[in-house]
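Thanks for sharing this one. Here are a few points to read alongside the sequence and the coordinates.

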Amino acid sequence: MKERSELHNKVRDIVLACIEEVIAQGWGRIQIEQGEAANILAGGGFIDSLGLTSLLVAIEQDIEAELGFTINLTSTITEITPSSTHPLATVGTLTNYIVNHIDNITVSGVV
């Protein structure tokens, strides 16, 4: 359980740092001071298409560099069913989505 919470915290920190980079480039307005409650695409959050693409790529690269997991957010997020909570709604939903994705990778033995 401790490992999962540590992973969650690391992923959250990566997501927030990447969002901060996107904001610095002027591609979005996301109130990262709200932490996991910060809206990305949900009410009040805004990120343009270039910013969103840059964000997902930056997260993928940082997850691989810092945690050693290769993930492809741009393809997996487009496979979300309409009934699912969208992973890009908030920082928290995106963090949980990535952690669950990494858990699936480690359970299947593919790293």
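The points below go from the overall layout to the charged pairs and then to one glycine.

1. Overall layout. Please keep in mind that this is a predicted model. The protein chain holds four helices and two strands, and from the N terminus on the order of these elements is α-β-β-α-α-α.

2. Burial and surface. Of the 111 residues in the protein chain, 38% are buried. The accessible surface is about 6200 Å², and carbon and sulfur atoms account for 52% of that area.

3. Contacts along the sequence. Taking contacts between residues at least 6 apart in sequence, 60% of them join residues at least 24 apart. Two of the charged pairs discussed below, Arg-4 with Asp-103 and Glu-36 with Arg-12, also connect separate parts of the chain.

4. Salt bridges in general. Side chains of opposite charge can pair when their charged atoms come close. In this model the count is three salt bridges.

5. Arg-4 and Asp-103. Here the side chains form a salt bridge with an N to O distance of 1.8 Å. You may want to look at that value yourself, since the cut-off for a salt bridge is only an upper one, within 4 Å. The pair links distant parts of the chain: Arg-4 sits in helix H1 (residues 2-24) and Asp-103 in helix H4 (residues 91-108), 99 residues apart. Are these two buried or exposed? Neither label fits: Arg-4 is partly exposed at a relative accessible area of 35%, and Asp-103 is partly exposed too, at 24%.

6. The network around Arg-12. Which residues are linked with Arg-12 in a network of salt bridges? They are Asp-13 and Glu-36. Between Arg-12 and Asp-13 the closest N and O atoms are 3.3 Å apart, while the Glu-36 to Arg-12 bridge has an N to O distance of 3.6 Å. Glu-36 belongs to the loop between strand S1 (28-29) and strand S2 (46-47), whereas Arg-12 is in helix H1, so this pair ties together parts that are 24 residues apart in sequence. Both acidic partners are partly exposed, with relative accessible areas of 44% for Asp-13 and 27% for Glu-36.

7. Gly-51. This residue is in helix H2 (residues 49-67). Its relative accessible area is 0%, so Gly-51 counts as buried. Leaving aside residues up to four places away in sequence, Gly-51 touches Val-22 and Trp-27. Gly-51 and Val-22 are 29 residues apart in sequence, yet their C-alpha atoms are 5.9 Å apart in space.

Technical notes
Residues are numbered from 1 along each chain as its sequence is written. This is a predicted model: local features need pLDDT of at least 70, side-chain atom pairs count only at pLDDT 80 or more; totals for chains, interfaces and linings use all residues. Side-chain values use heavy atoms; hydrogens and water are left out. Buried means under 20% relative accessible area, exposed over 50%, partly exposed in between (1.4 Å probe, protein chains only). Contact means heavy atoms within 4.5 Å. Accessible areas come from the Shrake-Rupley method with a 1.4 Å probe; for residues, only the protein chains shown count as cover.
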